[in-house]
Amino acid sequence: MIEKSSVRQSFSKGAKEYDKYAFIQKKMALMLGEKLKNSELQKTILEIGCGTGILSEILIKKYKNSNFTFIDISEEMIKKCKDKIGENISWNYKCCDGEKFSNGNFDLICSNAVFQWFTNLKESINSYLSMLNSGGVLAFTTFGPENFFEFSEAAKNAGIDGYSLDYFSYKKIISYIPKGYKVDFNEIKIEEEYDSFIEFLRYIKKIGAVIRTTENKNKMSLKKFKAMEEYFKKKDGNFKITNHIYFFIIKKENIK
């Protein structure tokens with residue numbers, strides 16, 4: 001199980017340089033923004049896990065004159081978001097665990113690259129759907145099971161447990177959505193190449209995504225690090241990492 005205190009601490013440490021390294025998250029946010037319809041009916045908007053404001057900046061430009069609630073588990077991330085997009089009488093910032101947030105009614109609930117950190121996604125999705133107004137939309141990106149699979153394989157090969165997330169599959173997420181909702185789904189895979197294995201680990205650290213779970217039984221050592229590095233070299237001679245990305249747009253049917 002993911003340790004939320006560790007997640008909070010990691011993202012707080014990574015807040016300062018997050019934007020410099022979060023190139024995949026930026027691509028995801030831009031693509032999600034393009035998929036969202038620009039509707040004047042979406043007056044109340046909630047963003048779960050606003051981070052440094054990458055998606056927030058897109059949303060406030062797309063939905064001008066709307067009321068926004070931005071939440072994040074890290075106070076440092078909230079501060080960075082404020083620095084980026086500023087403050088407005090119609091905007092509310094709140095530092096809290098987005099997985100447990102269940103306050104208010106919204107026309108649009110958005111999240112970018114956050115749900116993979118949740119421990120009970122089914123409960124959270126149903127809670128968010130219950131907060132939607134008639135005709136409202138829950139739109140989010142997250143990562144699929146093949147995300148960083150090269151890293152997971154290398155870790156297993158080196159005998160290291162608990163250093164990769166159990167990503168939710170499409171079928172699993174779909175099973176969490178009750179009847180009466182229209183679902184649009186897309187997935188893409190983006191392959192990134194790094195100059196070295198340590199460069200990839202540095203990237204993970206800089207975006208605050210250091211994986212800490214209650215199953216971290218075998219800690220990283222120099223010997224195991226070398227074993228993981230050698231695994232990549234023997235496989236294809238380079239350090240390619242796959243990003244498996246899901247896009248979900250879930251609409252609540254209009255209730256007359």
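## A tour of the pocket, the cavity and two helix pairs

Select β5 first: this strand gives the most to the lining of the largest pocket, with 4 residues. Keep in mind that the model you have open is predicted.

**Stop 1: the largest pocket**

Stay with β5, residues 132–143. Add β6 (181–194) and β7 (239–252) to the selection. Each of these three strands supplies at least two residues of the pocket lining. The pocket has a volume of about 450 Å³. A total of 17 residues line it, and those closest to the centre are Lys37, Gln42, Gly135, Val137 and Lys251. Show these five as sticks and centre the view on them. Now colour the lining by class. You should get 4 nonpolar, 7 polar and 6 charged residues.

**Stop 2: the largest cavity**

How many cavities of 30 Å³ or more does a search of the whole structure find? The search finds 1. The volume of the largest cavity is about 530 Å³. Select Phe11, Ala113, Val114, Gln116 and Trp117, the closest to its centre among the 36 residues that line it. Next, bring up the elements that give two or more residues to this lining: α1 (4–14), β1 (44–48), α4 and α9 (197–206). Which of them has the largest share? That is α1, with 3 residues. Colour the cavity lining by class too. The count is 23 nonpolar, 9 polar and 4 charged.

**Stop 3: α3 against α4**

Keep α4 on screen, and add α3, residues 23–35. The two axes come within 9 Å and cross at roughly 25 degrees. Angles under 35 degrees count as roughly parallel, so α3 is roughly parallel to α4. Their crossing is right-handed. To see the contact, select Gln25, Lys26, Ala29, Leu30, Leu32 and Gly33 on α3. On α4, pick Ile54, Leu55, Ile58 and Lys62. By class, this contact holds 6 nonpolar, 2 polar and 2 charged residues.

**Stop 4: α4 against α5**

Hide α3. Keep α4 (residues 54–62) and add α5, residues 75–85. Here the axes lie 9 Å apart, and the helices pack at an angle of about 40 degrees. Are α4 and α5 roughly parallel or oblique to each other? They are therefore oblique. The crossing of α4 past α5 is right-handed. Pick out Ile54, Ser56, Glu57 and Ile60 in α4, then Cys81, Lys84 and Ile85 in α5. These residues meet across the helix pair. By class they divide into 4 nonpolar, 1 polar and 2 charged.

**Last view**

Finish on Ile54 of α4. Ile54 takes part in the contact with α3, and Ile54 also meets α5. Then show the cavity again: α4 is among the elements that give two or more residues to its lining.

Terms used:
Residues are numbered from 1 along each chain as its sequence is written. This is a predicted model: local features need pLDDT of at least 70, side-chain atom pairs count only at pLDDT 80 or more; totals for chains, interfaces and linings use all residues. Side-chain values use heavy atoms; hydrogens and water are left out. On a 1 Å grid over the protein atoms alone, a cavity is a set of points where a 1.4 Å probe fits but cannot get out, and a pocket is an open set with protein on both sides within 12 Å along at least five of seven lines; lining residues have an atom within 4 Å of a point. Grid points are joined across faces, edges and corners, and a volume is the space filled by probe spheres set on the points. Ala, Val, Leu, Ile, Met, Phe, Trp, Tyr, Cys and Pro count as nonpolar, Asp, Glu, Lys and Arg as charged, and the others, Gly among them, as polar. Axes are lines fitted to C-alpha atoms, for helices over the stretch in contact, and angles run from 0 to 180 degrees between N-to-C directions. Angles under 35 degrees count as roughly parallel, over 145 as roughly antiparallel, 65 to 115 as roughly perpendicular and the rest as oblique. A crossing is left-handed if the near helix is turned anticlockwise from the far one by less than a right angle, and right-handed if clockwise. Contact means heavy atoms within 4.5 Å.
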